[in-house]
Amino acid sequence: MLASAVRNLSRRSFSTSKAVSAQQLTVRDALNAALDEEMERDEKVFLLGEEVAQYDGAYKVSRGLWKKYGDKRVIDTPITEMGFAGIAVGAAMAGLRPVCEFMTFNFSMQAIDHVINSAAKTFYMSAGTVNVPIVFRGPNGAAAGVAAQHSQCFGAWYSHCPGLKVVSPYDSEDAKGLLKAAIRDPDPVVVLENEMVYGVSYPVSDQVLDKNFVLPIGKAKIMRPGKHITIVAHSKSVETAMLAANELAGKGIEAEVINLRSLRPLDSETIFKSVQKTHHLVTVEQGWPQSGIGSEICARIMEHETFFHLDAPIWRVTGK
């Protein structure tokens with residue numbers, strides 16, 4: 001059934017236009033609004049990365065920000081992830097709030113020493129005296145026609161590391177609320193977006209459009225209530241889970257779909273409560289199966305009393 005849902009998803013065409021009504025917002029525009037609102041709110045916030053300024057960003061997420069805030073706060077960098085990630089970490093240590101954009105998180109491998117050893121570990125190694133309020137953001141996971149080197153999901157990679165917070169937004173509400181929370185956080189936050197949904201419009205409430213809207217890091221969202229099976233997913237895989245739930249509903253099976261939103265910290269309690277109700281669990285992700293997000297959820301279930309509520313083994317749906 002999940003395989004059928006994936007096939008249906010691949011045939012679906014998405015809009016790449018801007019918001020189509022007052023209550024519709026693309027993920028791209030949600031991210032742009034979050035950056036704009038936080039840069040306006042706090043002059044210490046600045047954006048740097050490849051093509052983020054005069055070109056408005058490779059995916060147009062930073063559209064209009066260079067014209068509004070100028071060269072000092074929207075900075076084009078050379079193609080040297082190790083270099084500009086190091087500059088960003090140093091700026092954060094000095095009291096600024098950099099947003100470091102990777103054109104794709106696959107390129108963050110060039111800068112992983114700074115992400116892990118410079119950003120994530122400094123608070124611990126300084127005995128809590130040095131905060132590193134930095135955001136690393138950009139597209140993550142599978143995309144269209146970009147080959148294996150540009151299609152990896154780094155959710156498990158970065159959520160493995162103490163000192164980092166990792167969020168993985170799905171829709172426009174997630175994108176705006178989680179990015180704003182990440183920028184305001186006193187610690188390093190990795191924001192794993194997905195380029196396949198940048199141009200997709202999602203319905204949003206007036207609350208989401210408000211400049212004070214912020215989502216808590218570490219709290220999942222129940223996208224669809226159900227009583228027969230729990231499906232847990234993050235990022236674009238949430239849509240796969242929702243399609244599967246729709247298909248199951250036609251067979252009389254009510255699936256509860258959980259959008260993780262945050263990978264570290266992981267909202268175990270929401271998962272536990274759901275599984276204790278449904279007694280069945282499927283995890284869905286784009287990452288590889290070994291040591292993945294689904295594997296971590298399985299381990300936490302096994303180590304918790306929720307294990308005894310299962311009526312069948314947990315199934316993991318992953319990349320290959």
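This is a short talk about a predicted model of one protein chain, its two domains and a pocket that draws on both.

Okay, hi everyone. Let's start with how far we can trust the picture. The average pLDDT for the chain is 93, and 93% of the residues score at least 70. The part to be careful with is residues 5-21, where pLDDT stays under 50. The model still gives that stretch 32 contacts beyond four places in sequence, so please treat those with care, because pLDDT is the predictor's confidence in each residue.

Now the overall layout. The domain assignment splits the chain into domain 1, residues 23-209, and domain 2, residues 221-317. Their centres, taken over C-alpha atoms, are 27 Å apart. And they do touch: 27 residues of domain 1 are in contact with 19 residues of domain 2.

What does the UniProt record say? An unreviewed entry there annotates residues 25-200 as "domain: Transketolase-like pyrimidine-binding". In the model, that stretch is 36% helix and 16% strand, and its end C-alpha atoms sit 8 Å from each other.

Next, the pocket. I picked the second largest one, with a volume of about 270 Å³. Which residues lie nearest its centre? They are Ala 156, Ser 159, His 160, Arg 264 and Glu 296, out of 13 lining residues. By type, the lining has 6 nonpolar, 4 polar and 3 charged residues. Helix H7 (155-159), strand E12 (262-264) and helix H12 (293-302) each give at least two residues to that lining. Domain 1 and domain 2 each provide at least three.

Keep Arg 264 in mind, as we've just met it by the pocket centre. What kind of peptide bond joins Arg 264 to Pro 265? A cis one, with omega at about 0°. Pro 265 itself is in the loop between E12 and helix H11 (268-278).

One more backbone oddity is Lys 60. Lys 60 isn't a glycine, yet its phi is positive, about 65°. You'll find Lys 60 in the loop between strand E2 (45-49) and helix H3 (65-69). Why point out these two spots? Because most residues other than glycine have a negative phi, and most peptide bonds are trans.

That's me done, thanks!

Terms used. Residues numbered from 1 in each chain as written. Predicted model: local features only at pLDDT ≥ 70, side-chain atom pairs only at ≥ 80, totals over all residues. Heavy atoms only, no water. 1 Å grid on protein atoms, 1.4 Å probe; cavity = no way out; pocket = protein on both sides within 12 Å on 5 of 7 lines; lining within 4 Å. Points joined across faces, edges and corners; volume = space filled by probe spheres on them. Helix = DSSP H or I, 4+ residues; strand = E, 2+ residues; numbered from the N terminus. Nonpolar A, V, L, I, M, F, W, Y, C, P; charged D, E, K, R; others polar. Domains from an automatic or database assignment. UniProt positions renumbered as here; feature names shortened; annotations may be inferred. pLDDT = per-residue confidence, 0-100. Contact = heavy atoms within 4.5 Å.
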